[in-house]
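Subject: Structure handover

Hi,

Here is the structure I promised to pass on. Please have a look at it first, and then read my notes below.

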Amino acid sequence: MRSIVGLGILAFSVAAFAADVGEVKTASGTAHVEREGARLPVKVGMQVRQSDKLVTGADGAVGVTFLDNTLVSTGPNSTLVIDSYRFDTTTHAGKFDASLTRGSLAVISGKMVKQSPDAMRIRTPSSVLGVRGTEFVVKVADTD
Amino acid sequence: MPPVLLIGAVMALLIYISPAPRDETVVLLPGPDGSVGRVVVQRGSERTTLDSPYAASRSGEPVQLSATEVRSEFGPVLAALPPRPTSYVLYFITGQDELTDESKAEMRRLLEELRARPQSDILVIGHTDRVGNERSNDALSLQRAERVKAELLGLGISAGRLRSAGRGEREPLVRTADGVEEPRNRRVEVNVR
């Protein structure tokens, strides 16, 4: 009986964390997250989830620390979508796909790229970046 | 209009109306210790590999930038990067529930940082040596992490900031053969993020 309760608690705590893949650590200016049709203002301490779209205004910038210690920031006038994020804290296996459709992005890759060099991929309107480590910046110029 | 000018005007118009690929810049940066990784930029069928400090790809063309150019072009986004996670390593006295004296001092430094950085979250990671099989070491490492997590909770760190993980025997500080006792590998690491 005790083990069943224990298992239930474990399953619950895994589920409670499963959706959260990162946490906002820095935020300035205008920025919001689009999630399931809602527009949420970005605040430090806010949890980031898979499929979130991070959007910053002309004065906005946001920094997020992901579960595997990948650090990501977006600068002004940027849109970044977290297409998929998986990370196993025991094996360090994982997958991180994100798309920068406009603006700028800085990345310091984390534990999953150290474990498997193909784990992280960034898409831009005309390129796909394979991240073998560790630190880089990306800028997509405005079309108009 | 002379034919040359006409052809020029038509070409200019064609260039203007055809959807030009977006102007994109990717720059590889050195880490704090000067080491660099590698980023592969795939643009259509073209592939550029960046593997030296400030090597860049601008719309597919390889270019070399300087630290100053990168700072002026990417200042705001670089300033928004979260702080790098810090790491503390704690050891227990063999066979006991008590931290070694050195680790007690490390624990005090950890608590200082946690108080100084109230926005930080904490990942507590347990590790084992290679005595026992992988599965039992996964469980044991998680137990070790939970023990430190409970201690941090007891010291007033809020549950919402704390996560735990067990790495088993996968990440030894000192490499050993399987089945070898190694106290330096029986440890708990705390990432402040």
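Let me start with a small detail: in the hairpin of S2(A) and S3(A), which leaves two residues between its strands, A:Glu36 has a positive phi near 45°. Helices (H or I, at least four residues) and strands (E, at least two) are DSSP runs, numbered from the N terminus, and two strands pair if DSSP finds at least two bridges between them.

Before I go on, this is a predicted model: local features need pLDDT of at least 70, side-chain atom pairs count only at pLDDT 80 or more, and totals for chains, interfaces and linings use all residues. Residues are numbered from 1 along each chain as its sequence is written, while chains are lettered from A and ligands numbered from 1 in the order in which they are written.

Chain A

Around that hairpin, strand S2 (residues 31–35) of chain A runs antiparallel to strand S3 (residues 38–41) of chain A, joined by four bridges. A:Arg35 has A:Ala38 as its bridge partner in S3(A). S2(A) also pairs with strand S5 (residues 53–56) of chain A, in the antiparallel sense and over four bridges; here A:Val33 stands opposite A:Leu54.

Overall, chain A has two helices and 12 strands, in the sequence pattern α-β-β-β-β-β-β-β-β-β-α-β-β-β. Of its 144 residues, 47% are buried (20 or more other C-beta atoms within 10 Å of a residue's own; 12 or fewer is exposed, in between is partly exposed, and C-beta atoms are placed from the backbone). Among contacts in chain A between residues at least 6 apart in sequence, 52% join residues at least 24 apart; a contact is a pair of residues whose C-beta atoms, placed from the backbone, lie within 7 Å.

Further along, strand S10 (residues 120–123) of chain A and S11(A) pair in the antiparallel sense over four bridges, and they form a hairpin with four residues between them. A:Ile122 stands opposite A:Leu129 in this pair. The side chains of S11(A) alternate: A:Leu129 and A:Val131 point to one face and are buried, whereas A:Val128 and A:Gly130 point to the other and are not.

Where the chains meet

The contact takes 41 residues from chain A and 36 residues from chain B. On the chain A side, S12(A) gives the most, with six residues. By class, that side has 18 nonpolar, 18 polar and five charged residues (Ala, Val, Leu, Ile, Met, Phe, Trp, Tyr, Cys and Pro count as nonpolar, Asp, Glu, Lys and Arg as charged, and the others, Gly among them, as polar).

Strands also pair across the contact. S12(A) and strand S1 (residues 24–29) of chain B are antiparallel over six bridges, with B:Glu24 as the bridge partner of A:Val140. S11(A) runs antiparallel to strand S2 (residues 39–43) of chain B, joined by four bridges, and A:Val131 stands opposite B:Val39 there.

The largest nonpolar core has 52 residues, of which A:Val62, A:Leu105, A:Phe136, A:Val137 and B:Val26 touch the most other members. A core here is a set of buried Ala, Val, Leu, Ile, Met, Phe, Trp, Tyr and Cys residues joined through C-beta atoms within 7 Å. S9(A) gives the most to this core, with seven residues. Apart from it lies another core of 14 residues, among them B:Ile122, B:Ile125, B:Ala145 and B:Val188.

Chain B

Chain B is assigned domain 1 (21–79) and domain 2 (86–192), with bounds from an automatic or database domain assignment. The centres of the two domains, taken over C-alpha atoms, are 37 Å apart.

Chain B also has an open sheet of four strands in the order S6-S9-S7-S8, with mixed pairing. Strand S6 (86–91) and strand S8 (162–166) of chain B are at the edges, each with a single partner strand, so one side of each is left without a neighbour in the sheet. Strand S7 (residues 122–127) of chain B pairs with S8(B) in the parallel sense over five bridges, and B:Gly126 has B:Gly166 as its bridge partner.

Best wishes

Notes. Two residues are in contact if their C-beta atoms, placed from the backbone, lie within 7 Å.
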